[in-house]
Amino acid sequence: MGINWDWQDAAGVFPLLLEAFVTKTLVLTVVGSLIAAALGLVWAVALRELPTPVSKVLAWVLDVIRMTPLPLQAFFLYYVFVQLDVMTIAFIVLGVHYSTYMAESYRAGIESIRKGQWEAATALSLPKSRTWRAVIVPQALRATLPSLGNWAIAMFKDTPFLIVIGVAEMVTSAREYGGENFTYVEAFTIAGLIFLAASYPTAVLMRRLEKRLAY
Amino acid sequence: MDFFESLLDAWPQLWSGIQITLQLSLGGAALAFVIAVALGLSSISEIGVVRGVSRVLVEFFRGTSLVVQLFWLFFVLPQLGFRLESMAAGIVALGLNYGAYGAEVVRGSLNAVPKAQWEGTTALSMPWVTKMRRIIWPQAWALMLPGLNNLMVMLVKGTALALLIFLHDLTFVVDELRRTEGTYFAFGVGFALYYLISLGFSTVLRMLERRAQRKLGLAPTKAQTAQATAGAVA
């Protein structure tokens, strides 16, 4: 690799990658995660509260979203909502796709809450909404938070999937630079290292959080 | 029926796409499984160097993003004088990425086998191979299958990146079909086919899980793996 590695190219591409990373990749991850975390909670509560036939249909729809590829979903929204810009489509696709995974994590968190908590809420005749808001969700969140963080990291590494609809995130910039300058070595290597440098420490942090929040 | 006529017309095209997607899925899964078991076993090795190397490899291939790995294998390797076919690049990228995720699942499952079981094999001074084959692995296997199941579905979805390295997989065909048959028809069929493929793999792995549990005399459990899988893919 020593022969092919050009420090000048590396220096040339690095600022471009960093800019795309901050203005696109990180923005996609943060907005996508917020949408996914909010929607995921909605799904998890709805799956328990809706009447059985409706919740069965919802569960099936979530399964279909979870089991079909992100790029295909991105293409679909891209052609259906031609008036939307690609960043908006990217937010929706990432948010909705990962909300189906986060819903599973919330569900596990909710199921880990002991029956006595529900019974106590009933005994105090708390309304349903208050039971969720003040009793169940705060406790479930404790068990769910590290797992939500982990899905956010997974989403972060999936942001380049959106290359298919032309979102100008970091890997897109790397590919463009490589194509124009006839050298992909520096661009893709640095892009990979930036992903690693961002995701590894965060993943370690989540592992620590998981240990600390465990009962 | 209009719909079925269109489907029949499009079928040869769709089938060629399905074949590429299946080849990538099966090839990627086979490689990923071998890598996951190798790295998972070495991550609990008593030799520090082996543990360290496996740790570095797992974190590296987990952390650098599938798309980057795919592009690296396809665009960078030729510049270093080593050319991979599209299909081979796809299979290797899927295998490395999901193999590293799988290694975490394997490691977690091995660690979840009760300590007394490990101690029992030591007390009986079992050789390593016997210990693994007869005592530890069957128990870990039942524990790891739900996680591997989730990863398999993710791997199938990951094959949709193949069009970026110029393979005509199912996603590519659906996009082609859109031009002639319209968005809703093409994507409706596309989502249905991917769903069926994922469901097929998932069902087979679920059957293996039930079988593994039955062999251990355990009742089938409801898969409760969202947290563990999230930890592996992060």
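The exercises below, each with a worked solution, concern a predicted model of two chains, A and B.

**Exercise 1. The two folds**

Determine how many helices and strands each chain has, and describe the extent of each C-alpha trace.

Solution. Begin with chain A, whose secondary structure consists of eight helices and zero strands, so that its elements, read from the N terminus, follow the order α-α-α-α-α-α-α-α. Chain B comes to nine helices, again with zero strands, and its elements run α-α-α-α-α-α-α-α-α from the N terminus on. As the next step, take the principal axes: the C-alpha atoms of chain A fill a box of roughly 75 × 45 × 25 Å, while the C-alpha trace of chain B spans about 70 × 50 × 25 Å.

**Exercise 2. Burial, contacts and confidence**

For each chain, state what percentage of the residues is buried and what percentage of the contacts joins residues 24 or more positions apart, and then report the confidence for chain A.

Solution. In chain A, buried residues make up 43% of the 215 residues, and in chain B 47% of the 234 residues count as buried. Turning to contacts with a sequence separation of 6 or more, residues 24 or more positions apart account for 79% of them in chain A, and the corresponding value in chain B is 78%. The last step is confidence: chain A averages a pLDDT of 91, with 98% of the residues scoring at least 70. Among the elements of chain A, helix α3 (residues 70-80) has the highest mean pLDDT, at 96, and α8(A) the lowest, at 89.

**Exercise 3. One residue of chain B**

Locate B:Ala192, and decide whether B:Ala192 is buried or exposed.

Solution. The residue lies in helix α8 of chain B, which covers residues 183-215. Counting C-beta neighbours inside 10 Å gives 12 for B:Ala192; since a residue is exposed if the count is 12 or fewer, B:Ala192 counts as exposed. To place B:Ala192 relative to another residue, compare the separation in sequence with that in space: B:Ala192 and B:Leu167 are 25 residues apart along the chain, and their C-alpha atoms are 21 Å apart.

**Exercise 4. The side of chain B that touches chain A**

Find how many residues each chain brings to the contact, and which helix of chain B gives the most.

Solution. The contact takes 41 residues from chain A and 37 residues from chain B. On the side of chain B that touches chain A, at least two residues are supplied by each of α2 (48-63), α3 (66-79), α6 (128-158), α7 (170-181), α8 and α9 (226-233). Within this side, α8(B) gives the most, with eight residues. Sorting the residues of this side of chain B by class then yields 22 nonpolar, 11 polar and four charged.

**Exercise 5. A helix pair across the chains**

Describe how helix α8 of chain A packs with α2(B), and name the residues that make the contact.

Solution. First take the geometry: α8(A), residues 185-213, and α2(B) pack at an angle of about 110°, their axes being 8 Å apart. Because angles of 65 to 115 degrees count as roughly perpendicular, α8(A) is roughly perpendicular to α2(B). The crossing in which α8(A) passes α2(B) is right-handed. Next come the residues: A:Phe195, A:Leu196, A:Ser199 and A:Tyr200 of α8(A) meet B:Glu59, B:Phe60 and B:Gly63 of α2(B). By class, this contact has four nonpolar, two polar and one charged residues.

How values were computed:
Residues are numbered from 1 along each chain as its sequence is written. Chains are lettered from A and ligands numbered from 1 in the order in which they are written. This is a predicted model: local features need pLDDT of at least 70, side-chain atom pairs count only at pLDDT 80 or more; totals for chains, interfaces and linings use all residues. Helices (H or I, at least four residues) and strands (E, at least two) are DSSP runs, numbered from the N terminus. A residue is buried if 20 or more other C-beta atoms lie within 10 Å of its own, exposed if 12 or fewer, and partly exposed in between; C-beta atoms are placed from the backbone. Two residues are in contact if their C-beta atoms, placed from the backbone, lie within 7 Å. Ala, Val, Leu, Ile, Met, Phe, Trp, Tyr, Cys and Pro count as nonpolar, Asp, Glu, Lys and Arg as charged, and the others, Gly among them, as polar. Axes are lines fitted to C-alpha atoms, for helices over the stretch in contact, and angles run from 0 to 180 degrees between N-to-C directions. Angles under 35 degrees count as roughly parallel, over 145 as roughly antiparallel, 65 to 115 as roughly perpendicular and the rest as oblique. A crossing is left-handed if the near helix is turned anticlockwise from the far one by less than a right angle, and right-handed if clockwise. pLDDT is the predictor's confidence in each residue, from 0 to 100.
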